Amino acid sequence: MSLDIMKFAPLGDKKNSNFFNDYRLKIYQRRKESGLEDLLNNICALVVQVETGDGLSYLEELYLMTPYRLLCTYLNETHKIYFLESKPEFPHYVVLEPLDSHFTDDLTRLNMLYPLARKKPNARYVGEIFSVNDLTETRRVLESQNVRFHYPDETENKFFSNPHFYFTFPSSITGNRVGYTPRGSYDIEAMEIGEKFELTDSETRRLADADAKAKDKGTTNLILGVDHMATRILSGEREDAILEFLTMSNYYFWGAYNIADQNSSTNVNRNGNVDDDKTSPAKVFTANNTPSFVNSFENLPMPTEDFVRNFGRRMHHVAYEVADGDHGAGVKNVDYVVETLKSFGVPFLAHVVGECTDTPNLKQIFSKHSEYSILITEYVERCFGYEGFFTKSNVAELTKAAGEDERYHHGNIFD
Ligand SMILES: [Fe+2]
């Protein structure tokens with residue numbers, strides 16, 4: 001399938017400006033003319049950094065909560081690098097763990113600006129890597145369009161200095177990087193990532209135990225793959241964030257929904273070349289409708305901008321699709337997955353939202369944020385072949401639950 005994005009009419013009730021609509025089409029047109037459209041393929045990896053000492057614990061968490069399993073481990077001058085895989089056609093998950101607990105780079109400095117992010121200054125979702133047909137040409141085209149790439153001497157993090165990956169400078173609008181790596185030669189062995197290293201026996205045992213625990217309950221196969229990643233940004237930067245991502249990717253703007261009672265909107269961008277979002281997950285931006293400084297006129301809840309004020313602009317959650325179906329009489333798979341994860345000690349926010357009785361619908365839930373990655377994990381089941389991407393009522397409930405948890409746990413942020 002390949003969608004004609006020039007003709008696609010975006011969905012949703014969130015109004016966009018003429019500026020946005022004009023430049024959206026101009027960007028698509030330029031991508032085609034500059035060859036970018038043919039250079040870029042799917043998202044082939046998601047990159048997350050954790051604190052020194054948190055690597056194995058984060059992997060254990062991923063073993064329980066996701067289908068990702070360790071593929072290989074490397075050591076470079078600054079980091080341990082863990083590559084995880086679910087299905088070969090889905091993106092890899094790359095975990096970076098600094099060797100030195102005093103390690104700092106541009107992402108650390110970004111985290112240090114925000115009161116709650118400061119507690120884990122190296123824990124951060126970094127960005128996605130796109131597979132490309134020609135790395136040099138991709139960079140040449142993007143640089144000619146003012147996309148700012150990172151130069152090897154601009155960060156202490158050696159993973160970003162690898163000649164086989166090109167990463168953009170962290171976006172001032174989203175805090176995320178976008179990476180590019182050649183397709184076909186995305187052969188990890190040939191990427192000069194560092195020295196291979198082996199986990200210790202006890203580390204191997206920890207992961208084997210987590211794997212056995214999840215497999216024993218049958219949850220591993222029910223959690224299919226990453227459906228979308230959602231970044232939280234400031235109100236006034238919503239349209240710019242979308243246009244920036246459209247400039248740097250081969251995604252199209254699918255639609256935006258107004259979540260009025262949470263003073264928020266959800267803005268979805270998808271890869272038009274794939275039938276299954278899990279092979280190149282959707283990229284979502286959430287932003288307040290009005291900025292925090294005028295929100296007090298209406299006094300609505302505003303969990304989206306509260307999050308940005310506390311943690312900075314950054315990735316908020318990664319969502320996994322759960323196989324549609326029943327696990328025993330009247331128990332949907334997502335309910336079974338969540339109950340099982342709770343029995344493993346994984347904490348969740350509130351309850352599963354959305355009803356799956358007999359008509360197509362969505363069931364969704366947010367976990368509490370990981371203490372290692374700071375990311376929330378979302379689970380979504382599209383019941384009875386529900387074709388939509390999300391429902392407004394579910395998003396309103398999920399957004400509310402995340403906001404209440406943040407307030408409950410952190411109270412006065414200046415504590
Ligand atoms: Fe989501």
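Buried means under 20% relative accessible area, exposed means over 50%, and partly exposed lies in between. Keep these cut-offs at hand for the exercises. The model is predicted.

**Exercise 1. The iron site**

Find the residues that coordinate the iron ion, and decide whether Glu 378 is buried or exposed.

*Solution.*
Step 1. Look for the donor atoms. The iron ion is coordinated by His 228 (NE2), His 317 (NE2) and Glu 378 (OE), at 2.0 to 2.2 Å.
Step 2. Write the spacing along the sequence. It reads H-x88-H-x60-E.
Step 3. Place two of the donors. His 317 sits in strand β13 (residues 314–322) and Glu 378 in strand β16, so this pair links parts of the chain 61 residues apart.
Step 4. Apply the cut-off. Glu 378 has 2% relative accessibility, so Glu 378 is buried. His 317 has a relative accessible area of 7%, so His 317 is buried as well.

**Exercise 2. The sheet that holds β13 and β16**

Give the strand order of the open sheet with β13 and β16, and name its edge strands.

*Solution.*
Step 1. Read across the sheet. Its eight strands follow the order β10-β11-β12-β9-β13-β16-β15-β14, with mixed pairing.
Step 2. Look at the ends. β10 (251–259) and β14 are the edges. Each has a single partner strand, so one side of each has no neighbour in the sheet.
Step 3. Check the twist. On average, neighbouring strands here are turned by 20 degrees against each other, direction ignored.
Step 4. Zoom in on one pair. β15 and β16 are antiparallel and share six bridges. Ile 365 stands opposite Tyr 379 in β16.

**Exercise 3. A covered helix**

How many residues of helix α7 are buried, and which strands does α7 lie across?

*Solution.*
Step 1. Count. Helix α7 (residues 238–248) has 11 residues, and nine of them are buried.
Step 2. Name some. Among the buried ones are Arg 238, Ile 242, Leu 243, Phe 245 and Met 248.
Step 3. Find what α7 packs on. The helix lies across β9 (223–233), β10, β11 (264–271) and β12 (282–288).
Step 4. Read the angle. α7 runs at about 160 degrees to β10.

**Exercise 4. Cysteines, paired and unpaired**

Which cysteines form the disulfide, and why is Cys 72 without a bond?

*Solution.*
Step 1. Count the disulfides. The structure holds one.
Step 2. Identify the pair. Cys 356 and Cys 383 form the disulfide, with sulfur atoms 1.8 Å apart. The link is right-handed, with 80 degrees about the S-S bond.
Step 3. Ask what the link joins. Cys 356 is in the loop between β14 (348–353) and β15 (361–367), and Cys 383 is in strand β16 (residues 376–383). The pair therefore ties together parts 27 residues apart in sequence.
Step 4. Check burial. Cys 356 is buried at 10% relative accessibility. Cys 383 is buried at 0%.
Step 5. Turn to the others. Cys 44 is in no disulfide, and its nearest cysteine sulfur, that of Cys 72, is 13 Å away. From Cys 72, the closest cysteine sulfur is in Cys 44, and 13 Å is too far for a bond. Cys 44 is buried at 12%, and Cys 72 at 10%.

**Exercise 5. The other eight-stranded sheet**

Where does Arg 69 lie, and how is the sheet that contains its strand ordered?

*Solution.*
Step 1. Place the residue. Arg 69 is in strand β2 (residues 69–75).
Step 2. Order the strands. This open sheet of eight strands runs β6-β7-β5-β1-β4-β3-β2-β8, with mixed pairing.
Step 3. Find the edges. β6 (166–167) and β8 (195–196) each have a single partner strand, so each keeps one side without a neighbour in the sheet.
Step 4. Inspect a parallel pair. Six bridges join β5 (residues 124–132) to β7 (residues 177–182). Glu 128 has Val 178 in β7 as its bridge partner.
Step 5. Add the helix. Helix α5 (residues 135–144) packs on the sheet and touches β1 (40–49), β5, β6 and β7.
Step 6. Return to Arg 69. Arg 69 is buried, with a relative accessible area of 14%. Its side chain makes a polar contact with the side chain of Asp 211 at 2.7 Å. Arg 69 also touches other residues, including Leu 62, Phe 83 and Thr 220.

Notes:
Residues are numbered from 1 along each chain as its sequence is written. This is a predicted model: local features need pLDDT of at least 70, side-chain atom pairs count only at pLDDT 80 or more; totals for chains, interfaces and linings use all residues. Side-chain values use heavy atoms; hydrogens and water are left out. Helices (H or I, at least four residues) and strands (E, at least two) are DSSP runs, numbered from the N terminus. Buried means under 20% relative accessible area, exposed over 50%, partly exposed in between (1.4 Å probe, protein chains only). A polar contact is a pair of N or O atoms within 3.5 Å; within protein, one must be able to donate a hydrogen and the other to accept it, and residues adjacent in sequence count only if both atoms are side-chain atoms. Contact means heavy atoms within 4.5 Å. A disulfide is a pair of cysteine sulfur atoms within 2.5 Å. Two strands pair if DSSP finds at least two bridges between them. Axes are lines fitted to C-alpha atoms, for helices over the stretch in contact, and angles run from 0 to 180 degrees between N-to-C directions. Donors are N, O and S atoms within 2.8 Å of the metal (3.2 Å for Na, K and Ca); water is not among the atoms, so sites may look incomplete. Lists of a residue's contacts leave out its neighbours within four places in sequence.
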